[in-house]
Amino acid sequence: MSELTTLEISDDLVQNFSDGLISLSLIVQYVTKNQPLHFHHVSKVISYRTVDFMIIDENSRNNLELFSPLRSNQVSNQNKGTLINIIDHTQTAKGGRLIRQWLAYPSKNYSEIQRRLSLVEELLHFERIQE
């Protein structure tokens, strides 16, 4: 069975609803015409606001060792010693991409942060029950 995905459109791109709807319509029309076999898996379109995410510059991302260690030449595994290596125990590629996106662009939305924390608590509770 094919995996369904969501096409995300930035609110910055869709500043005016009517202009955004026209733009989205043209994008969908173009992709459907030129890539019909590659577009059938999109199940819904959602918008997001870039102001809801923290932008971490490349220097900060490197210094925080989110995805690559500062001393990569001394480490045999390229991701060893990074935050992603420590916390990414996802079972699917889609889960891995989601956790990388959450690390690269952390949410500033309080309710979204609380929702994610609740999910982590549930996972930890479930893990303790299984032990």
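How many salt bridges does the structure hold? In this predicted model, the structure holds 2 salt bridges, and both can be described from the side of Glu112, which pairs with Arg115 and also with Arg116.

In the pair formed by Glu112 and Arg115, the closest N and O atoms are 2.8 Å apart, while the side chains of Glu112 and Arg116 meet with an N to O distance of 2.9 Å. Glu112, Arg115 and Arg116 are thereby linked in a network of salt bridges. The setting of this network is helix α5, which spans residues 110–130 and contains both Glu112 and Arg115, placed 3 residues apart, or about one turn of the helix. Glu112 and Arg116 are likewise separated by about one helical turn, because they lie 4 residues apart in helix α5. The two arginines can also be described by their accessibility: Arg115 is classed as partly exposed, because its relative accessible area is 41%, whereas Arg116 has a relative accessible area of 15% and is therefore classed as buried, the cut-off for that class being under 20%.

With regard to aromatic side chains, the structure holds 0 aromatic pairs. A contact between a charge and a ring is nevertheless present, in that Arg61 lies over the face of Tyr105, at 5.8 Å from the ring centre. Tyr105 can further be related to Thr50, a residue 55 positions away along the chain, the C-alpha atoms of Thr50 and Tyr105 being separated by 9.3 Å. Thr50 itself is placed in the loop between β2 (42–48) and α2 (58–63), and with a relative accessible area of 28% Thr50 is partly exposed, so it falls between the cut-offs of 20% for buried and 50% for exposed residues.

Helix α5 appears again in the description of the pockets. The largest pocket has a volume of about 1000 Å³. Its lining comprises 24 residues, of which Ile87, Ile99, Trp102, Val120 and Leu123 are the closest to the centre of the pocket. The elements that give two or more residues to this lining are α4, spanning residues 93–104, and α5, and the largest share, amounting to 12 residues, comes from α5. When the lining of the largest pocket is divided by residue class, 13 residues are nonpolar, 7 are polar and 4 are charged. Helix α5 thus holds the salt-bridged residues Glu112 and Arg115 and also supplies the largest share of the lining of the largest pocket.

Definitions and conventions: Residues numbered from 1 in each chain as written. Predicted model: local features only at pLDDT ≥ 70, side-chain atom pairs only at ≥ 80, totals over all residues. Heavy atoms only, no water. Salt bridge = Lys/Arg side-chain N within 4 Å of Asp/Glu carboxyl O. Buried < 20%, exposed > 50% of the residue type's maximum accessible area, 1.4 Å probe, protein only. Phe/Tyr/Trp six-rings, centres within 6.5 Å; stacked < 30°, edge-to-face > 60°. Lys NZ or Arg CZ within 6 Å of the ring centre and 35° of its normal. 1 Å grid on protein atoms, 1.4 Å probe; cavity = no way out; pocket = protein on both sides within 12 Å on 5 of 7 lines; lining within 4 Å. Points joined across faces, edges and corners; volume = space filled by probe spheres on them. Nonpolar A, V, L, I, M, F, W, Y, C, P; charged D, E, K, R; others polar.
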